[in-house]
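Okay, thanks everyone for coming. I'd like to walk you through one chain today, so have a look at the screen and then we'll get going.

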Amino acid sequence: MNNVALPFESFGVSHRGCVRELNEDSYLVEPETGLWVVADGMGGHDAGEVASASIVDHLATIGIASSAPDLRARFEDRLSRANAEIRRISQSRGVTIGSTVAALLAMDGRFACLWAGDSRVYLIRNGSISQISRDHTEVQELLDKGMISAAEALAWPRRNVITHAVGVSDEIVIDFQQGEIMPGDIFVLSTDGLTAHVTDAEIEAAAVSATPQAACENLLQMVLARGGTDNVTIVLVKIGDGRNGAHPGPSRAEG
């Protein structure tokens with residue numbers, strides 16, 4: 001495993017949008033620990049934000065891991081604790097609440113993306129954007145089975161119904177992809193409030209042409225200018241080439 005920590009810079013923004021009264025999204029930017037997270041809460045007034053905040057609050061306690069596998073284990077432990085807390089809140093209120101989660105873990109030259117729900121992780125590499133995560137939605141399942149076309153999916157009446165989330169059952173279902181970090185990589189994490197209004201090509205164009213802060217703010221303004229029908233959260237992480245002054249990525253802790 002590569003122990004040389006590539007430098008990176010990151011930024012996050014979150015906004016309630018133009019329609020919703022509350023912002024039920026939460027996010028976490030923790031470059032010192034190699035963790036970035038977005039979470040999109042659901043469950044009605046004052047419930048979704050509790051669920052997404054629980055995820056972020058628990059993940060914020062990860063601390064400095066001793067290795068990439070240790071970071072992954074700490075992440076899954078904290079997410080399990082958040083799931084249990086959300087379940088307790090749901091039962092006490094007599095309602096079902098939950099939250100999506102999409103996370104990037106980076107350490108020792110490796111990355112892992114983990115997600116539940118329809119919040120997304122994109123990777124921009126060598127001038128091309130790809131969606132690393134795969135939506136946990138009814139419409140994605142129909143697409144995978146060849147029952148509807150991509151064009152039909154865009155207008156499918158239940159396109160926003162998700163099939164997995166944190167807090168809705170005792171067992172969490174999360175997917176993951178992992179790989180090696182390359183100089184110049186750009187990771188974009190977002191809730192569906194971004195992708196409802198902005199295309200993948202527009203995300204790529206914004207991300208490669210500006211600093212993470214400016215790119216996040218430009219994408220947010222794009223969403224708001226187009227009606228902002230949902231809460232929107234964007235986290236962007238740019239990997240340097242080791243020759244600039246960006247924040248160094250976490251490497252394996254001593255001892």
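Let me start with a question: what covers the buried residues of helix 7? Keep in mind as we go that this is a predicted model. The cover includes strand 1 (7-15) and strand 11 (232-239), along with helix 5 (192-195) and helix 6 (200-208). And the residues being covered, the buried ones of helix 7, are P212, A215, C216, L219, L220, V223 and L224.

Staying with that helix for a second, its length checks out. Helix 7 runs over residues 212-225, and at 1.5 Å a residue those 14 residues should span 20 Å; the C-alpha atoms at its ends are 20 Å apart, so that agrees. Just after helix 7 you come to G227, which takes a positive phi of about 110 degrees.

Now, C216 was in that buried list, so let's talk cysteines. How many disulfides does the structure hold? Zero. C113 is in no disulfide, and the nearest cysteine sulfur, that of C216, is 16 Å away. Going the other way, the closest cysteine sulfur to that of C216 is in C113, and 16 Å is too far for a bond, given that a disulfide needs the sulfurs within 2.5 Å. As for exposure, C113 is buried at a relative accessible area of 0%, and C216 also counts as buried, at 0% relative accessibility.

Let's step back to the whole chain. We have seven helices and twelve strands. The radius of gyration is 18 Å, close to the 18 Å the globule rule gives for 255 residues, so the chain is as compact as a globular protein of that length. Along its principal axes, the C-alpha trace spans about 50 × 40 × 35 Å. Buried residues make up 49% of the 255. And if you take contacts between residues at least 6 apart in sequence, 72% of them join residues at least 24 apart.

On to the cores. Which residues touch the most other members of the largest nonpolar core? Out of its 27 residues, those are L35, V37, I55, L59, F75, V101 and L105. Strand 3, helix 1 (48-59), helix 2 (68-93), strand 5 (101-107) and strand 6 (110-116) each supply at least two residues of this core, and helix 2 gives the most, with seven. Apart from that core lies another one, of 21 residues, and you'll recognise L219 and V223 from helix 7 among them, together with V13 and A207.

L35 deserves a closer look. Beyond its neighbours within four places in sequence, L35 is in contact with residues including L59, F75 and L105, and also E30. That E30 is its bridge partner, too. Strand 2 (residues 25-30) and strand 3 (residues 35-42) run antiparallel, joined by six bridges. Four residues sit between the strands of this hairpin, and G34 takes a positive phi near 75 degrees there.

Last stop, strand 7, residues 120-125. Is it enclosed or open? Five of its six residues are buried, so strand 7 is largely enclosed by the rest of the structure. Strand 7 pairs in the antiparallel sense with strand 10 (residues 186-190) over five bridges, and L123 stands opposite F187 there. Strand 7 is also joined by four bridges to strand 8 (residues 128-131), again antiparallel, with R125 bridging to S128. Two residues lie between strand 7 and strand 8 in their hairpin, and N126 in the turn has a positive phi of about 55 degrees.

Notes. Residues numbered from 1 in each chain as written. Predicted model: local features only at pLDDT ≥ 70, side-chain atom pairs only at ≥ 80, totals over all residues. Heavy atoms only, no water. Expected span 1.5 Å × (residues − 1). Buried < 20%, exposed > 50% of the residue type's maximum accessible area, 1.4 Å probe, protein only. Contact = heavy atoms within 4.5 Å. Pairing = 2+ DSSP bridges. Core = buried A, V, L, I, M, F, W, Y, C linked by side-chain atoms within 4.5 Å. Rg over C-alpha atoms; globule rule 2.2 N^0.38 Å.
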